[in-house]
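Subject: Structure for you to look at

Hello,

Here is the structure I said I would pass on. My notes follow below it, starting with the ligand and then moving to the interior.

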Amino acid sequence: MKVTEAIKSRKSVRQFSDRPVSEQDLRDILETAKWAPSGGNLQPWKVQVLAGAPLQALVDDVRQKLMSNVQEEPEYHVYPPELTEPYRTRRRVVGQQLYELIGVPREDTPGKLRQLAKNFEFFGAPVGLFFVIDRQMEIGQFADMGMFMQNIMLLAREKGLHTCPQEAWARWPQTLIKHLDLPDNEMAFCGMALGYEDESAIINTLQSEREDFGTFITMNGF
Ligand SMILES: Cc1cc2nc3c(=O)[nH]c(=O)nc-3n(C[C@H](O)[C@H](O)[C@H](O)COP(=O)(O)O)c2cc1C
C-alpha cells in the first residue's frame, strides 16, 4: 500500500466488527510506528494495549459510572473553551453530519450522549490503545505523540485495520489511572480504538471535509 492510499483510506471508524485482531499484526504495527520522529529523539510515548478481559473491565467500569451519573474532572480541555471561527464551525459541521447520518436530531441530547458513550466501549473494537505521556512534557512532545499515533493509524491501514483516535477518554483520568496503573507523573493523553471496520455500519460512511489548498497554505518563492 502506498502512503497516499493509507492516508486517504484512513478515517475515524465508529463501529467495529468483532473480528479479532492478530497480536502479531499489532506488534508489527507498534514496532514500526516507533520510528516516528521526535524532537531531541525523546520518544515521549508509552502505549498500553488493551484487549480481552482488561478492556472489558475498563468498559464495564465506565458504563457503571455513566449509569450512576458519576463524572470525573477531565484531564484537560479537549478544545479551547472559547473556540473561535473558523474552528467552531468546522467542529459543529462534522458533529451535525455525524448525528444526521445516524438519525439523531439536533435537539436529542440523550441520543447524542448515547453516541458519545460508545467512545467508552471503543466503538465495539476488540483492541483499545492508550497513549501515555510524562506530565513534564511540553507542547513539542505532544506533537511527537501525534506523529507516533498517525504512524499507527496508517500502518493499521496496511493491515486492513481501521482506527479511531479518542480524546474522549480525557473525561476519565481517575479511572484510567486505576486501570492502567499509572504513576503520578504520567497521564493517558489519548485513547484509540483499533479493529476491523463494520462495513455495514452507516456511521462509518461519514466523509469529513477538508479545506481547499489555498485556504490554509501559502506558497512563497515558487
Ligand atoms: C487527537 C484526536 C482525538 C480524537 N478524539 C475523538 C473522540 O474522542 N471520539 C471520536 O469519535 N472521534 C475523535 N477523533 C476523530 C475526529 O473527530 C476526526 O479525526 C475528524 O472529524 C476527521 O475525520 P476523519 O478522522 O474521519 O478523517 C479524534 C481525532 C484526533 C486526531
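An N or O atom in the side chain of Ser208 sits 3.0 Å from an oxygen atom of the ligand. Please keep in mind that this is a predicted model.

Two further polar contacts to the ligand are worth finding on screen. Arg10 places a polar side-chain atom 3.0 Å from a ligand oxygen atom. Ala168 instead uses a backbone N or O atom, which lies 2.8 Å from an oxygen atom of the ligand. On its own the ligand would expose 620 Å², of which the protein buries 71%.

The shell around the ligand holds 14 residues, and the closest are Ser12, Arg14, Glu167, Ala168 and Arg210. By class, five residues of this shell are nonpolar, four are polar and five are charged. Strand E3 (residues 162-166) gives the largest share of the shell, three residues.

Now the interior. The largest nonpolar core has 24 residues, and those touching the most other members are Phe131, Met145, Phe148, Ile152 and Leu194. At least two residues of this core come from each of helix H2 (23-33), strand E2 (127-134), helix H6 (139-158) and strand E4 (186-195). H6 supplies the largest share, seven residues.

Phe131 is a useful residue to centre the view on. Leaving out residues up to four places away in sequence, Phe131 touches, among others, Lys46, Val47, Met145, Phe148, Ile152, Phe189 and Met192. Apart from this core lies another, of 22 residues, including Val13, Leu58, Phe120 and Cys164.

Regards

Technical notes. Residues numbered from 1 in each chain as written. Predicted model: local features only at pLDDT ≥ 70, side-chain atom pairs only at ≥ 80, totals over all residues. Heavy atoms only, no water. Core = buried A, V, L, I, M, F, W, Y, C linked by side-chain atoms within 4.5 Å. Buried < 20%, exposed > 50% of the residue type's maximum accessible area, 1.4 Å probe, protein only. Helix = DSSP H or I, 4+ residues; strand = E, 2+ residues; numbered from the N terminus. Contact = heavy atoms within 4.5 Å. Near = heavy atom within 4 Å. Polar contact = N/O pair within 3.5 Å; in protein donor to acceptor, adjacent residues only side chain to side chain. Areas by Shrake-Rupley, 256 points an atom, 1.4 Å probe, with all protein chains shown as cover. Nonpolar A, V, L, I, M, F, W, Y, C, P; charged D, E, K, R; others polar.
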